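Here are my notes on the model you asked me to look over. They are in numbered points, so reply to whichever ones you like.

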Amino acid sequence: MIGFIILVTFIGIVIVAFSAIIQKRLSDSIILFMGVGLGSVVLFFIFKAPDVALTEAVIGAGISSLIFLMALKHLGESR
Amino acid sequence: MNLKRDLPTSTLSGFALSGLLILTLLNILLQNMPDNIQTAGNELLKLNANEGVANAVTTVVVYFRGFDTLGEIAVLFIASLGLGLMLHSNTRCDIKAESNFMLQTASKLLFPIILLFGIYVMIYGHLSPGGGFQGGVIIASGVLLLLISHKEFEVPHSVIVALETFAGVSYVLIGLIGLLVLDTFLGNFLPHDISQMGMLISGGIIPIIYIIVGIKVGSEMSMIVQNLIKRSDDV
């Protein structure tokens, strides 16, 4: 059962990551990048690394994507 | 897709060369692999019990690799400094539209809870997953919520300066006291009895250092977020 969850999460991460790089709009890519982080949180937690999972949830999926979004907003203004 | 036009020859040859180097390195590593590679961390994990800290990861990050953590927060400080230098200006004008009423009300309700959770993760870093870095970034994300929802909100610069100076100076001071008392930088000079393992006050200097790291990371990340949001257009 746990192997099935790992497999589904892993395939989901690969699909989301691939769809993130083929998006036309950059903001869609950033939202999908947050999805990649979310999938990795599940994987880290299943593989018994709760410290890394918390770090990834806070930094990887949370604040770095928001910093990307803010930077994108400033880029759009100056363009 | 025309591969030759989209990817220049130098890029392709660079990829090929680095792939070849990685394969060679992997081959050498696999041929000369030591027998005890699976048990390489066991020595450190045995030492972990001496410090009386329930979360072994915290002992590694703060105590065995404490000097690296000092370097990491220095790197974060330099990143915050560079962003402040590049984006800071006196004319602050950014968010033109008033934010949503729902967001304004909800942020007032949510900010204390986020702050409390960040402080909890920071203080319980030596007992449960998490610690200074994570707690500091959680606090910074709470500050980000306030910055988005309230147009006129701004973290006072003097508070950030005071917190960051206090945290950096006390980290180095604790390390130097350890050097004086126990002849090692960041030596655990406070009582850390093994029978206290799992209590809130246990592990000597390790929880104190993680709280200091949390204060420093929180103030630096808040400054980064504020500089990014309140940036004026004419820079």
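**Notes on the core, the helices and two loop residues**

1. The largest nonpolar core has 40 residues, and B:I209 and B:V225 are the ones with the most contacts inside it. Bear in mind throughout that this is a predicted model. Chain A gives two or more residues to this core through α3 (50-78), and chain B does so through α4 (56-64), α6, α7, α8 (157-182) and α9 (206-229). The largest share, 14 residues, comes from α9(B).

2. What does B:I209 touch, once its neighbours within four places in sequence are left aside? The list is B:V62, B:G66, B:Y171 and B:I174.

3. Next, the α6/α7 pair in chain B. Two packed helices are described by the angle between their axes and the distance between the axes. Here helix α6 (residues 101-123) of chain B and helix α7 (residues 132-149) of chain B have axes that come within 8 Å and cross at roughly 170°. An angle over 145 degrees counts as roughly antiparallel, so that is how α6(B) and α7(B) run relative to each other. On the α6(B) side, the contact includes B:L103, B:L110, B:F111, B:I114 and B:F117. From α7(B), the residues making it include B:G135, B:I138, B:I139, B:G142 and B:L145. By class, the contact has 13 nonpolar and nine polar residues, with no charged ones.

4. Staying with α7(B): is this helix enclosed or open? Of its 18 residues, 15 are buried, so α7(B) is largely enclosed by the rest of the structure. The length checks out too: at 1.5 Å a residue, the 18 residues should span 26 Å, and the end C-alpha atoms of α7(B) are 26 Å apart, which agrees.

5. Helix α1 (residues 2-21) of chain A also passes the length check, with 28 Å expected for its 20 residues at 1.5 Å a residue and 29 Å between its end C-alpha atoms. Its surroundings are another matter: the number of buried residues in α1(A) is zero, so this helix lies largely in the open.

6. Now chain A as a whole. Its secondary structure comes to three helices and zero strands, in the pattern α-α-α along the sequence. The C-alpha trace of chain A spans about 50 × 25 × 10 Å along its principal axes. Buried residues make up 15% of the 79 residues in chain A. Among the chain A contacts with a separation of 6 or more, 46% are between residues 24 or more positions apart.

7. As for the interface, 14 residues of chain A are in contact with 15 residues of chain B. On the chain A side, these divide into nine nonpolar, three polar and two charged.

8. Last, two backbone angles you may want to look at. Most residues other than glycine have a negative phi. B:D183, however, has a positive phi near 65°, and B:L186 has a positive phi of about 60° although it is not a glycine. B:D183 is found in the loop between α8 and α9 of chain B, and B:L186 is placed in the loop between α8 and α9 of chain B as well. Which of the two is buried, and which is exposed? B:D183 has 8 other C-beta atoms within 10 Å, so it is exposed. B:L186 has 25 C-beta neighbours inside 10 Å and therefore counts as buried.

Terms used: Residues are numbered from 1 along each chain as its sequence is written. Chains are lettered from A and ligands numbered from 1 in the order in which they are written. This is a predicted model: local features need pLDDT of at least 70, side-chain atom pairs count only at pLDDT 80 or more; totals for chains, interfaces and linings use all residues. Two residues are in contact if their C-beta atoms, placed from the backbone, lie within 7 Å. Ala, Val, Leu, Ile, Met, Phe, Trp, Tyr, Cys and Pro count as nonpolar, Asp, Glu, Lys and Arg as charged, and the others, Gly among them, as polar. Axes are lines fitted to C-alpha atoms, for helices over the stretch in contact, and angles run from 0 to 180 degrees between N-to-C directions. Helices (H or I, at least four residues) and strands (E, at least two) are DSSP runs, numbered from the N terminus. Angles under 35 degrees count as roughly parallel, over 145 as roughly antiparallel, 65 to 115 as roughly perpendicular and the rest as oblique. A residue is buried if 20 or more other C-beta atoms lie within 10 Å of its own, exposed if 12 or fewer, and partly exposed in between; C-beta atoms are placed from the backbone. The expected span of a helix is 1.5 Å times one less than its number of residues. A nonpolar core is a set of buried Ala, Val, Leu, Ile, Met, Phe, Trp, Tyr and Cys residues joined through C-beta atoms within 7 Å.
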